[in-house]
Amino acid sequence: MKVDFSAVGLKVGLECHQQLATKEKLFCACKPDLFKGEPEITFLRRLRPTQSELGQTDPAAYFEFLKGVKILYEADSKTSCLVEMDEEPPHELNREALETALLVSLMTSAEPVDEVHVMRKVVIDGSNTTGFQRTCVVGMNGSIVVDGKTVPIQHISLEEDAARKTGADGLTVRYRIDRLCVPLIEVTTGPVIYSPEEARKVAYAIGRILRATRRVKRGIGTIRQDLNVSISDGALIEIKGVQELDLISQIVEFEVQRQLSLLSIRDELKKRGLSEDEIRDDSADVTSDLAKTGCRVIQKAIGQGKKVFAVKLPKFSGLLGKELIPNLRLGTEMADRARFWGRVGGIIHSDEIASYGLAEDELCLIKRILKVEQQDAFVLVADTEENAFDALRAVTERAREALKGVPEETRGSNPDGTTRYMRPRPGAARMYPETDVPPITISKDYVSRLRSQLPEPLEKTVERLIKKYGLNEKLARQLQDSEYVAVFDELVERTKVSPTFIAATLTETFKALKRDGVEVDKVTDDQLIGVFELLGLEKTSKEAIPEIITWLTKNESSSPSEAIKALGLSIISEQELSNVVDEIIRNNEDAVRTKGEGALGFLMGVVMKKYRGKVKPDQVNAVLKERLSKLKKKSLH
Amino acid sequence: MNESLSGYKGRVLDVLVKSKVQVGDLIRINKGDITYEGILIPRSELGDDKHIVIKIRSGYNIGVEVTEETKVTKIGVEKAPAFTPPALPAQKPGLPKVSIISTGGTIASRVDYRTGAVRPAISASDLYSIVPELSDVAAIDTQILFSVFSEDLTPKHWSKLAVTVAEHISQGVDGVVVTHGTDTMGYTAAALSFALRNLPVPVVLVGAQRSEDRPSSDAASNLIGAVSAAAKAPFAEVVVAMHETISDESIVLHRGTKVRKLHTSRRDAFKTVNAQPIAKVLDGQIVKLTDDYLKRDKEKSLILQPKFEEKVALIKFYPGMDSKIIDWHVEAGYKGIIIEGTGLGHVRQAIFHSIKKAIEKGVLVAMASQCIWGRVNMNVYTTGRDLVAMGVVPLQDMLAETALVKIMWILGQTQDKEKAKDLLATNLAYEISSRTVDTN
Ligand SMILES: [Zn+2]
């Protein structure tokens, strides 16, 4: 489907979140690290939606509270203290993080605020132990230029990262609080991006500015984009947690397509003459009618004492199974809602019922009970009565929304660029002051001092990389866009390795390794320096680098010398090399005899095949040449 | 103090007054070529007199410095929120009656997201609407007695509180809940334990370690636990109801004379020292942790003795302590001194003469231990034996804070020194136990 994005009125705004590489977390002295394995500490909490003066509560949050949702938090004592556990008030705002946010403000021509006020943004899905996220605006009204167009930057904010969800079990949701309170910088653009490609470019441009500070974390999960996407006749959809910048244009494209598909479903429903009050919540208990069913899913549920309920969706026949975007149907959207509101595993709808193994007479019976006619659809749910009831209510609610068009919601991004329902969009941000953290005055002196030491803008970086290090332009650009531009200078300065080789390793080699599933991000700056230092000292060879890097990703706290040892990739001594060469010549006497010096290439291949990474090709070449010429002389005598 | 410009002072206040704006107004601030728009927010009392705080459209607050060139104009009024309480849950018939008396620690509140103000909710209907679970537990009546921080409460407040609790009990309620700031809740619990004897129904003090405006607050669950205990606990004693652990699971009921705040900030800051808690509330049920308690019995007639002598001091001994500290108290007319001694109940010999002089002048001097855990024993070392010989009363396993409250209460009831000394050493409200079992 080719879409004219300006014709459909596409508008995209970005919120880029980037973790900062500070020594401590935003409001406590814990290291901003994650832990693996079993948690040392667990505790159970409930979050009670607070009422505002207006008497409003967030409906999704209130619903979860009423259902008795509990949160099991997991922690370990290295990465969390009482602050993250909400057992101690926050300490003062981390000044290192604040300075980075101010730098970013200045680099995006935003005006730093005179006094920073930390706010509490109410979030009660459990991702924050407090029930709110601490956040503050540091700079306002900035702009960046992308492809000649000025993109306004509304805010530069500093906020704490949330806990990460590690699972759910019935009404208990599990969160790990190691990531909680890790400093995040948020850059918010105005909703003035008009094409998917432009969205991607703006995200890259912001990423470059953030990396230019040399103070941000790198690796999976350290940068996350929220996209606010709308089209004229559709709705504003908030898509959360995009980690791969290259996915952005695909996600936006899919979202436009999804909204257009939903609009065409709306038009079809209107054409069929559906009115909202025709969609009734009344569901029927069909457990006994399916008691002997051959459908495995239902059989199993009934066996567990669960019940089967069915609801009619009038005039929806054929529309539930219609693909909105690849792998996403209206039926999928209903199933997502049913899972969220009804805690069920899924739903069965009439457009796909053929694959479920229900007998013809069972279908007839259900249709008769629900009074389903030609154009109608129906949905089945097998679960406890309460869950099934909530699930089918969510399904009929979604059906009514289909008649109106696109419902406003918060969606999560999938790795293939599609999205899934997360929750209804919360109302206006509910923020109130964090009185436990005193406001911070940003003095004019401090700002002008920072202004005088702004990091080099990345457009200048390319120029410098070419001039200073002799990189070609392509490599310089790749490096500039990589997460390693910050460490590159140090690598060159501290080691004697050629800048071009270092740059190529950090870009092309790493890209290739990533494609092969190596988690290159895990290698720390210190490890990288170590690797290139060893190379500079000729303790290892260029050919060995990919293997060393791969080994380090699997042995996180080890040193590069340990890697070399473990892999047997140390450069062998000259004496050893000469022994090796002698042995190889002996083993290939025939070839040497017949080809003489012409055997060099062949022998070189044999040595390299056997000792790749442990020997330097030039050296092998030299030794071989020397031996062959000696042999030649010998045979001449 | 200008209410409509709450917290602003100095030059900023002048600018705001001249600009005819007040908190809640939508204002524009011009500073050279920079313009800010937002709602004027109250300023914290601790803030300086150089910044105006506004809430910008995205909901964030920022502080804008006022300089010579700053111009403030009103561009509109954000409507003050009119609270429409959600429908109250249906009150179940035949539930026990519980009175909730508030002393200042707010236990429920609403946030005005417009200005950030947090308003306490204290009427019964407010409580029901914020903590709807309460309507399943008890029929509630509420009274605001004081609105003070718990560190500002004095023995006079304890007296008034004891009288008020007695009034509610005389009206036939099934239990009384007292909401209280946590800092001095242990002292008040001890005071009520002595002032309200022969209780027919339980009296439950409750507080919160996390402010009630946040979704993670322990206030609501502590309150539900406290009201449950007041409504249906089998005992009739003064207790403190707080989180048992850092999880939102059980609310533990500590005896008023044995409880101490042992952590500055954790939810489970309160612990029973040198004994077991009486019970806990788990999933709405009371789980007894001991069978040794005074039984609930509405036929019992309450003995109210609400007087406290304030001229009593709690003095913590430390290495090198100057004997003049004791002398000063004696000269200032103090009638009782609790010394928090080291270890089993010791102080340096250099202050012996001052202690002796105090006792000779008729001051009641008693010894508790700064170890918090364990029992005073003044027979083991000479120092202890010498102090006892002087007339210092060893207080066994009594908490020093409870001892202070007890001596205040005793001297409020009697002037007879010998009788007071006897009472001090006698167990009246579980403050002394004759045996300590290993509870770890
Ligand atoms: Zn921490």
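Which domains does the domain assignment give for chain A?

## Finding your way around

Welcome to this predicted model. The assignment divides chain A into domain 1 (11-232), domain 2 (271-407), domain 3 (456-567) and domain 4 (574-636). Keep these ranges at hand as you look around the structure.

Take domain 1 and domain 2 of chain A as a pair: their C-alpha centres are 37 Å apart. Five residues from domain 1 and five residues from domain 2 take part in the contact.

## The zinc site

Next, look for the zinc ion. Its protein donors are the SG atoms of A:Cys28, A:Cys30 and A:Cys81, together with A:Glu84, which is listed twice through OE. These donors lie 2.2 to 2.5 Å from the zinc ion. Read along the chain, their spacing is C-x1-C-x50-C-x2-E.

The pair A:Cys28 and A:Glu84 links distant parts of the chain, 56 residues apart. A:Cys28 belongs to the loop between strand 1 (11-19) and strand 2 (41-45) of chain A, while A:Glu84 belongs to the loop between strand 3 (70-75) and helix 2 (95-107) of chain A. Are A:Cys28 and A:Glu84 buried or exposed? Both residues are buried.

## Two cavities

The structure also holds two cavities of 30 Å³ or more. The largest has a volume of about 70 Å³. Around it you will find A:Leu47, A:Ala61, A:Glu64, A:Phe65, A:Val69, A:Ile71, A:Ile124, A:Asp125 and A:Gly126. Helix 1 (residues 59-66) of chain A gives the largest share of this lining, with three residues. Sorted by class, the lining has six nonpolar, one polar and two charged residues.

The second largest cavity has a volume of about 50 Å³. Here A:Glu84, one of the zinc donors, appears again as a lining residue. The rest of the lining is made of A:Val83, A:Asn128, A:Thr129, A:Thr130, A:Phe132, A:Arg134, A:Glu160, A:Leu180 and A:Cys181. By class, this second lining has four nonpolar, three polar and three charged residues.

## Helix 12 and its neighbours

For a last stop, turn to helix 12 (residues 485-494) of chain A. Which residues of this helix are buried? They are A:Val485, A:Val487, A:Phe488, A:Asp489, A:Leu491 and A:Val492.

These buried residues pack against several other helices of chain A: helix 10 (458-469), helix 11 (473-481), helix 13 (499-515) and helix 14 (525-536). In an α-helix there are 3.6 residues a turn, so residues three or four places apart point the same way.

Definitions and conventions
Residues are numbered from 1 along each chain as its sequence is written. Chains are lettered from A and ligands numbered from 1 in the order in which they are written. This is a predicted model: local features need pLDDT of at least 70, side-chain atom pairs count only at pLDDT 80 or more; totals for chains, interfaces and linings use all residues. Side-chain values use heavy atoms; hydrogens and water are left out. Donors are N, O and S atoms within 2.8 Å of the metal (3.2 Å for Na, K and Ca); water is not among the atoms, so sites may look incomplete. Helices (H or I, at least four residues) and strands (E, at least two) are DSSP runs, numbered from the N terminus. Buried means under 20% relative accessible area, exposed over 50%, partly exposed in between (1.4 Å probe, protein chains only). On a 1 Å grid over the protein atoms alone, a cavity is a set of points where a 1.4 Å probe fits but cannot get out, and a pocket is an open set with protein on both sides within 12 Å along at least five of seven lines; lining residues have an atom within 4 Å of a point. Grid points are joined across faces, edges and corners, and a volume is the space filled by probe spheres set on the points. Ala, Val, Leu, Ile, Met, Phe, Trp, Tyr, Cys and Pro count as nonpolar, Asp, Glu, Lys and Arg as charged, and the others, Gly among them, as polar. Contact means heavy atoms within 4.5 Å. Domain bounds come from an automatic or database domain assignment.
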